[in-house]
Amino acid sequence: MSGVAGGIVQFDNVGLRYGTDREVLSDITFTLYPGSFYFLTGASGAGKTSLLKLLYLAQRPSRGMITLFDHDVITLPRARLPEFRRRIGTVFQDFRLVPHLSAFDNVALPLRISGLVGEDEIRTHVHDMLEWVGLDQRAEARPETLSGGEQQRVAIARAVIARPEVLVADEPTGNVDPDMALRLLRLFESLNRLGTTVVVATHDVHLLRKVPDSLIMRLDKGRLSDPTGALRYPPRRPLAPVEADR
Amino acid sequence: MTPLARARRHSRRFASNTLGAAASRLLPQTRLSGPMPWVIAIMSALTVIAMGAGLALANLAANARAEIAGGVTVQVVEADPATRDRQAERALALLGSRDDVAEVRRVSEAELAALLEPWLGAAAQAQDAIPTPALIDLRLRGAVTQSRLDELSAALAVVAPAARVDAQAGWLAPVFAAIASLRWLALALVVLLAGTSAAAVWLAARSALGNNRDTIEVIHHLGGTDGQIATIFQRAMALDALSGGVAGLLAGLAAIMLLGRQFAALGSGLVAGGGLGVLDWIAIALVPLAGVVLAMVTARLTVMAALRRML
């Protein structure tokens, strides 16, 4: 089923409740365009993580319609979810690193899951990526021996290693110093310039100013507001060129 | 050029349903520290013993049947020794002339006395101390049926009115029935042990699923399929089952050897027929392999069923 023309993600009147509690998200409607950079802001408990869970297909909504890559994911058979998840990179708020795997193996996981890359190529990519996030020397370290900031960088490297079409990051700079936060943001921008749609949930207002072309979505008590017009209008900057292999 | 620019986009297609060599690292290495290998070892040892006993009983029954196949005993029950001897000789002559009789021989007085000695002691050796029937041991060609026995009895009645005819298999029928029951019992034990092993694997797989739920969720979120996740568990269970199965096989073989030696020491002709052949040993050696297959199938079905309840 097709969504809005040109949109990579579309939410239409989406609501989410856990069990019989009140809705944590209500009447959420927006479209994300390919190659755009979005910040999702809002106070703690506003529903940012719940919205991201819907985006990275960890949760089905209670009502409404979600279109992802031109497919209605509400009625999508469960067996087809993995192929959509492989197109989305996720940085979890709690990192979710596999505790008994090294930093190297954690970052390599998406490539190994895809099964398309040989071990030699994986080794090169992963070491490049770990070097990029400043952790090449800690490649063999287990998550428990890494600091919070290091774990976050491993989580980010894992999310971007397979060049996802959409990157969803939940408070990705929450545990790192300002310098590393800026460096990670530049990493997201690099990915964005290559055509990836980036959605970063944060409550850090200073971060928003660091990416001038970004669009802002604000959540307030489970409802979405639109301070930059991102939800009503297409992005204000030209979309990144569509790659041949997409 | 950044690592991102160098990286190819890998996420769209599916090339493999496994995670390759890395899969073994996705679950914590708890081998031999958990109960699974030990449970499988005990189950395998019991299966090997039950299977060994069942096969030995089958061989024993088959050998005994082959040995007494066509076997018939003619008793001339006559108190007067002269009449008994005369009738026995006539019966022997008649049986020797028949085409359907493959072998015939009269059991000597000495053999009879030796057979009776355990019960009668030295008295059995005394000439005519106790009147004993004359025995003729014969082997018929083809299957021994009741109609053939009746026909033989009728023919003998003409020359030896005191002759009684019995099929040897008839005497051992209760023994064969008991052996058949024991074989079924051994088979039932093997099936029960397989079921118990499957249940143990089911419990272990569910426990492992619970303990590794976070890892499973991460693999799901990264685009891992149920098949890939099930393969990880399947492989771990197979390794546990293999190590337990081999240990169980060795323990079971030791028990079979010990029991075999003790039975052999009985010196009984019937028991001597219960040895194990090459094919039997091969079948027993395949027990760990069967355990591995059972564990893999059970683990896969259990994990796939549990994963279907997750998003």
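Student: Happy to start with D70(A): in which loop of chain A does D70(A) have its place?

Tutor: Good place to begin, and do keep in mind that this is a predicted model. D70(A) follows no helix here; look for the two strands β4 and β5 (71-72) of chain A. The place of D70(A) is in the loop between β4 and β5.

Student: Is D70(A) buried, partly exposed or exposed?

Tutor: Buried would require under 20% relative accessible area, and exposed over 50%. D70(A) falls in between, so the class is partly exposed, with a relative accessible area of 42%.

Student: What distance separates the C-alpha atoms of D70(A) and R218(A)?

Tutor: Along the chain, D70(A) and R218(A) are 148 residues apart. In space, their C-alpha atoms are separated by 25 Å.

Student: Let's widen the view. What share of the residues in chain A is buried?

Tutor: Chain A is built with seven helices and 10 strands. Taking contacts between residues at least 6 apart in sequence, 69% join residues at least 24 apart. Of the 246 residues in chain A, the buried share is 59%.

Student: Which domains does the assignment give for chain A, and how many Å separate their centres?

Tutor: Domain 1 of chain A is written as two segments, 1-87 + 165-236, while domain 2 covers 97-163. Taken over C-alpha atoms, the centres of domain 1 and domain 2 are separated by 24 Å.

Student: How much area is buried between domain 1 and domain 2 of chain A?

Tutor: The size of an interface is often given as the accessible area lost when the parts come together. On the contact side, 17 residues of domain 1 of chain A meet 14 residues of domain 2 of chain A. Carbon and sulfur atoms give 63% of the buried area, which comes to about 1200 Å².

Student: How many salt bridges and how many residue pairs in polar contact does the rule find across that interface?

Tutor: For salt bridges between domain 1 and domain 2 of chain A, the rule finds zero. For polar contact, with both residues at pLDDT 80 or more, the number of residue pairs is four.

Student: Which helix gives the most to the side of domain 1 of chain A that touches domain 2 of chain A?

Tutor: The contributor that gives the most offers seven residues to this side, and it spans residues 178-193: helix α6 of chain A.

Student: By class, what residues does that side of domain 1 have?

Tutor: Charged residues number four on the side of domain 1 of chain A that touches domain 2 of chain A, and polar ones also number four. The nonpolar residues on that side come to nine.

Student: What is the phi of L57(A), and is L57(A) buried or exposed?

Tutor: Most residues other than glycine have a negative phi. L57(A), in the loop between α1 (48-55) and β4 (63-68) of chain A, has a positive phi of about 60 degrees without being a glycine. Its relative accessible area is 4%, so L57(A) is buried.

Student: And E171(A): what is its phi, and is E171(A) buried or exposed?

Tutor: E171(A) sits in the loop between β7 (166-170) and α6 of chain A. Its phi is positive, near 50 degrees, in a residue other than glycine. With a relative accessible area of 9%, E171(A) is buried.

Student: Finally, chain B: what share of its residues counts as buried?

Tutor: The secondary structure of chain B comes to 11 helices and four strands. Of the 311 residues of chain B, the buried share is 40%.

Terms used:
Residues numbered from 1 in each chain as written. Chains lettered and ligands numbered in written order. Predicted model: local features only at pLDDT ≥ 70, side-chain atom pairs only at ≥ 80, totals over all residues. Heavy atoms only, no water. Domains from an automatic or database assignment. Contact = heavy atoms within 4.5 Å. Buried area = accessible area lost by both parts, 1.4 Å probe. Salt bridge = Lys/Arg side-chain N within 4 Å of Asp/Glu carboxyl O. Polar contact = N/O pair within 3.5 Å; in protein donor to acceptor, adjacent residues only side chain to side chain. Nonpolar A, V, L, I, M, F, W, Y, C, P; charged D, E, K, R; others polar. Buried < 20%, exposed > 50% of the residue type's maximum accessible area, 1.4 Å probe, protein only.
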